[in-house]
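Visitor: Could you take me through one part of this chain closely, and then show me how its surroundings are arranged? I would like to follow the reasoning step by step.

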Amino acid sequence: AFPAPRVTDPSVFGRVAVLLGGTSSEREVSLDSGRNVLDALLSRGVDATAVDGMAALTEALAQKKFDRVFNILHGGEGENGVLQGLLEALGVPYTGSGVLGSALALDKIRSKQVWMALGLPTPGYRRLAKGDDVHAAARAIGLPVIVKPSCEGSSVGVSRVFDDADLQAAIDLAVRYPGELLMEQMIVGDELTVAILGDAALPSTRIVPKGEWFDY
């Protein structure tokens, strides 16, 4: 629960694995994030070590090399509930959301289904399977639309489509990644992010990219 007591003794954390890298499309971003996290922990006296990917972490945990995990994997098994399920089964504390929250949040289609079930507004969308008529889907939603892989993070595989003639190129990009595709009504407005710490929602932060479109 939040607020948690402030820890001033770094030894309380024991041996911390900073899980970074991995095999997802966001590997390079994760490596960069992980380096920053590792440097911050070490600067505060925490016994932290970088671990690259799930396989290396699983082997290290089998040898009981770590007491807890700081998860800074981006996308893939680091965010879809697989890692969280492993650590829950082993009883190893970790940062971030739990199994169900991770699995639902990374899958954009299922996230939208949850929101709709709760009566929350969300842009109109179509779930695209192989062979679906993407032009009919775009007409049903109304251009412009966003086309993206359902289970990739950030701006990976995302296209903005303003004209019917550009739909196929957007599909060709999105299908390079595993999982279903999502076509969604394009909404123009501010991008806001809200962090959750324990049971508390922290103040919203507005993200302002240097250019028109934020991309790693």
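Guide: F13 is partly exposed, because its relative accessible area of 30% falls between the 20% under which a residue counts as buried and the 50% over which it counts as exposed. The model is a predicted one, and everything that follows should be read with that in mind. F13 sits in the segment before β1, and once its neighbours within four places in sequence are left aside, its contacts are with V7, V46, D67 and R68. As for the other end of a long stretch of chain, the C-alpha atom of Q113, 100 residues away in sequence, lies 38 Å from that of F13.

That distance can be set beside the chain as a whole, whose C-alpha trace spans about 60 × 35 × 35 Å along its principal axes. The chain has 216 residues, of which 35% count as buried, and its secondary structure comprises 7 helices and 11 strands. Among contacts between residues at least 6 apart in sequence, 61% join residues at least 24 apart.

From the segment that holds F13, we can move on to the helices, beginning with α1. This helix covers residues 27-43, and its 17 residues reach 24 Å from the first C-alpha to the last, close to the 24 Å expected at 1.5 Å a residue. Its buried residues are V29, S30, L31, S33, G34, V37, L38 and L41, and they pack against β1, β2 and β3. Just after α1, G45 takes a positive phi of about 85°.

Helix α2, residues 54-62, has M54, L57, A60 and L61 buried. Seen down the axis of α2, these buried residues fall within an arc of 130°, so they line one face of the helix. An α-helix has 3.6 residues a turn, so residues three or four places apart point the same way. The face of α2 turned away from the buried side carries A55, E59 and A62, which are exposed. The cover over the buried residues of α2 includes the strands β1 (15-20), β2 (47-52) and β3 (68-71), together with helix α3 (82-90).

The packing of α2 with α3 deserves a closer look, since the two helices meet at an angle of about 0°, with their axes 12 Å apart. An angle under 35 degrees counts as roughly parallel, and α2 and α3 are therefore roughly parallel to each other. M54, L57, T58 and L61 of α2 make the contact with V82, L83, L86, L87 and L90 of α3. By class, these residues divide into 8 nonpolar, 1 polar and no charged.

Just beyond α2, the backbone holds a feature worth checking by eye. K64, in the loop between α2 and β3, has a phi near 55°, which is a positive value in a residue other than glycine. Most residues other than glycine have a negative phi, and most peptide bonds are trans. K64 is also exposed, because its relative accessible area of 64% is over the 50% cut-off. A second backbone feature lies further along the chain, where the peptide bond from L143 to P144 is cis, with omega near 0°; P144 belongs to the loop between α6 (134-141) and β5 (145-149).

The pair formed by α4 and α5 has another geometry. Helix α4 (residues 99-106) and helix α5 (residues 108-117) pack at an angle of about 105°, with their axes 5 Å apart. Angles from 65 to 115 degrees count as roughly perpendicular, and α4 and α5 are therefore roughly perpendicular to each other. The contact is made by L104, A105 and L106 on the side of α4, and by K108, R110, S111 and V114 on the side of α5. This contact of α4 with α5 has 4 nonpolar, 1 polar and 2 charged residues.

Within α5, the buried residues are K108, I109, S111 and K112. Seen down the axis of α5, they fall within an arc of 160°, so they line one face of the helix. What covers them includes α4, β4 (125-128), β5 and β7 (181-185), and K108 and S111 are thus found both among the buried residues of α5 and among its contacts with α4.

Notes: Residues numbered from 1 in each chain as written. Predicted model: local features only at pLDDT ≥ 70, side-chain atom pairs only at ≥ 80, totals over all residues. Heavy atoms only, no water. Buried < 20%, exposed > 50% of the residue type's maximum accessible area, 1.4 Å probe, protein only. Helix = DSSP H or I, 4+ residues; strand = E, 2+ residues; numbered from the N terminus. Arc of directions from axis to C-beta. Contact = heavy atoms within 4.5 Å. Expected span 1.5 Å × (residues − 1). Axes fitted to C-alpha atoms, helices over the stretch in contact; angles between N-to-C directions. Parallel < 35°, antiparallel > 145°, perpendicular 65-115°, else oblique. Nonpolar A, V, L, I, M, F, W, Y, C, P; charged D, E, K, R; others polar.
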